[in-house]
Amino acid sequence: QVRMVESGGGLVQAGGSLRLSCAASGRTFSSYAMGWFRQAPGKEREFVAAISWSGGNTYYADSVKGRFTISRDNAENTVYLQMNSLKPEDTAVYYCAAAKQRFASPGSLDESTDYDFWGQGTQVTVSS
């Protein structure tokens with residue numbers, strides 16, 4: 001099992017940037033593919049980005065492609081989400097998640113049911 005804690009959320013103006021971090025416990029972090037999801041009030045949780053266990057492959061939702069970057073540091077047991085050119089519609093609670101499917105392509109990990117462990121979430125609010 002892996003436990004994760006997100007941080008780095010906050011209030012930012014449109015056009016600004018934030019960097020989210022997700023620190024994971026356990027010695028098997030590199031065994032998991034990782035993903036970021038978000039959930040806005042009154043909406044379903046939606047996929048944002050995913051990264052392979054090695055960090056060599058990534059996949060993004062069309063809505064964030066070119067603005068967000070997912071990365072990971074297996075030595076630090078941490079996955080990141082760099083968010084640039086933020087828009088009000090990016091406002092949501094952001095969650096990191098871990099998938100046991102270590103060798104799955106990130107492009108096949110875009111559903112919440114693909115993931116086995118979840119963090120508590122961090123709020124991101126983008127003002128216009």
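**Reading a sheet and two of its neighbourhoods**

Analyst: This predicted model contains an open sheet of 4 strands, ordered β1-β3-β8-β7, with antiparallel pairing.

User: What holds the strands of a sheet together?

Analyst: In general, strands pair through backbone hydrogen bonds, in a parallel or an antiparallel sense. Here β1 runs antiparallel to β3 (residues 18-24), and 4 bridges join them. β3 also pairs with β8 (residues 78-83), again antiparallel, over 6 bridges. Within that second pairing, L20 stands opposite L81 of β8.

User: Which strands stand at the edges of this sheet?

Analyst: The edges are β1 (4-7) and β7 (68-73); each has a single partner strand, so one side of each lacks a neighbour in the sheet. From one strand to the next, the twist averages 15°.

User: How many residues of β3 are buried?

Analyst: β3 is mostly covered, with 5 of its 7 residues buried.

User: Now a single position. Where does E6 lie, and which residue is its bridge partner in β3?

Analyst: E6 belongs to strand β1, and its bridge partner in β3 is C22.

User: Is E6 buried or exposed, and what is the nearest side chain of opposite charge?

Analyst: E6 is buried and has no salt bridge. The nearest side chain of opposite charge is R45, 7.7 Å away; a salt bridge would need the side-chain nitrogen within 4 Å of a carboxyl oxygen.

User: Which backbone nitrogens does the side chain of E6 reach?

Analyst: Those of two residues in succession along the chain. The E6 side chain reaches the backbone nitrogen of Q120 at 3.0 Å. For G121, the backbone nitrogen lies 2.8 Å from a polar atom of the E6 side chain.

User: What else is in contact with E6, leaving aside neighbours within four places in sequence?

Analyst: Contacts of E6 include S21 and C22, then W36, then Y94, Y95 and C96. G119 and T122 are also among them, along with Q120 and G121.

User: For contrast, take Y59. Which strand is it found in, and what is its relative accessible area?

Analyst: Y59 is found in strand β6 (residues 58-60). Its relative accessible area is 32%, so Y59 is partly exposed.

User: Which residues are in contact with Y59, apart from neighbours within four places in sequence?

Analyst: Y59 is in contact with F47, V48, A49 and A50, and also with P106, G107 and D110. A separate reading is the C-alpha distance to G35: the two residues are 24 apart along the chain, and their C-alpha atoms are separated by 9.2 Å.

Notes:
Residues numbered from 1 in each chain as written. Predicted model: local features only at pLDDT ≥ 70, side-chain atom pairs only at ≥ 80, totals over all residues. Heavy atoms only, no water. Pairing = 2+ DSSP bridges. Helix = DSSP H or I, 4+ residues; strand = E, 2+ residues; numbered from the N terminus. Axes fitted to C-alpha atoms, helices over the stretch in contact; angles between N-to-C directions. Buried < 20%, exposed > 50% of the residue type's maximum accessible area, 1.4 Å probe, protein only. Contact = heavy atoms within 4.5 Å. Lys, Arg positive; Asp, Glu negative; His and termini not counted. Polar contact = N/O pair within 3.5 Å; in protein donor to acceptor, adjacent residues only side chain to side chain.
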